[in-house]
Amino acid sequence: MNATVTMILALAVGTYAFRLVGPVLHGRVQLPGRVQELLSAGAVVLLVALLATGALTEGGGFAGWARPAGVLVGAALAWRRAPFAVVVLGAAAATAVLRGLGVT
């Protein structure tokens, strides 16, 4: 086995172990309220970081202004509690219109 296959198998086992820990330890381990709050905040921070990198970068550089504008339109629609399909289509349409107008 080469190193790549070994690393893939190790990551697969680790991922499965993480997924298994939740159901196995459910009800046996009680986390303090402060830890639960920190874990929730950490999840939000990770999602915002993923959103920012996906919206602002492409190929290691700035993605241009059309994509972040589309993300903002989608965020505004989601905030107004629009249906998911409307949010996605609105963000895509805003990005497409801006790119059609020459904004990259």
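Me: Why is Val87 called buried?

Reply: This is a predicted model, and in it Val87 has a relative accessible area of 14%. Buried means under 20%, so Val87 is counted as buried.

Me: Where is Val87, and what is Val87 in contact with?

Reply: Val87 is in helix α4. Apart from its neighbours within four places in sequence, Val87 is in contact with Gly74, Leu77, Ala78 and Ala82. Ala43 is 44 residues away along the chain, and its C-alpha lies 22 Å from that of Val87.

Me: What makes Thr95 count as buried?

Reply: The relative accessibility of Thr95 is 13%. The limit for buried is under 20%, so Thr95 counts as buried. Thr95 is also found in helix α4. Leaving out neighbours within four places in sequence, its contacts are Ala66, Arg67 and Gly70.

Me: How many residues does α3 have, and what span does α3 reach?

Reply: Helix α3 covers residues 66–79, which is 14 residues. From the first C-alpha to the last, α3 reaches 20 Å, close to the 20 Å expected at 1.5 Å a residue.

Me: Which residues of α3 are buried, and what do the buried residues pack against?

Reply: Ala66, Pro68, Gly70 and Gly74 are buried. The buried residues of α3 pack against α2 (33–56) and α4 (84–100).

Me: Why is α3 called roughly antiparallel to α4?

Reply: The two helices pack at an angle of about 150°, and their axes are 8 Å apart. Angles over 145 degrees count as roughly antiparallel, so α3 is roughly antiparallel to α4. The crossing of α3 past α4 is right-handed.

Me: Which residues make the contact between α3 and α4?

Reply: On the α3 side they are Ala66, Arg67, Ala69, Gly70, Val73, Gly74, Leu77 and Ala78. These meet Val86, Val87, Gly90, Ala91, Ala94, Thr95, Leu98 and Arg99 in α4. By class, this contact of α3 with α4 has 10 nonpolar, 4 polar and 2 charged residues.

Me: What makes α2 oblique to α3?

Reply: The axes of α2 and α3 come within 8 Å and cross at roughly 135°. Roughly perpendicular covers 65 to 115 degrees and roughly antiparallel starts over 145. The angle of roughly 135° fits neither range, so α2 is oblique to α3. From α2, the contact is made by Leu51, Gly54, Ala55 and Leu56, and from α3 by Arg67, Pro68 and Val71. By class, the contact of α2 with α3 has 5 nonpolar, 1 polar and 1 charged residues.

Me: Why does Arg81 count as exposed?

Reply: Arg81 has a relative accessibility of 77%. Exposed means over 50%, so Arg81 counts as exposed. Arg81 is found in the loop between α3 and α4.

Me: What is the phi of Arg81?

Reply: The phi of Arg81 is near 60°, a positive value in a residue other than glycine. Most residues other than glycine have a negative phi. Arg81 comes just after α3.

Me: How do you know that Ala12 is partly exposed?

Reply: The relative accessible area of Ala12 is 43%. Partly exposed lies in between the limits of 20% and 50%, so Ala12 is partly exposed. Ala12 has its place in helix α1 (residues 3–25). Ala12 and Ala85 are 73 residues apart in sequence, and their C-alpha atoms are 33 Å apart in space.

Definitions and conventions
Residues are numbered from 1 along each chain as its sequence is written. This is a predicted model: local features need pLDDT of at least 70, side-chain atom pairs count only at pLDDT 80 or more; totals for chains, interfaces and linings use all residues. Side-chain values use heavy atoms; hydrogens and water are left out. Helices (H or I, at least four residues) and strands (E, at least two) are DSSP runs, numbered from the N terminus. The expected span of a helix is 1.5 Å times one less than its number of residues. Buried means under 20% relative accessible area, exposed over 50%, partly exposed in between (1.4 Å probe, protein chains only). Contact means heavy atoms within 4.5 Å. Axes are lines fitted to C-alpha atoms, for helices over the stretch in contact, and angles run from 0 to 180 degrees between N-to-C directions. Angles under 35 degrees count as roughly parallel, over 145 as roughly antiparallel, 65 to 115 as roughly perpendicular and the rest as oblique. A crossing is left-handed if the near helix is turned anticlockwise from the far one by less than a right angle, and right-handed if clockwise. Ala, Val, Leu, Ile, Met, Phe, Trp, Tyr, Cys and Pro count as nonpolar, Asp, Glu, Lys and Arg as charged, and the others, Gly among them, as polar.
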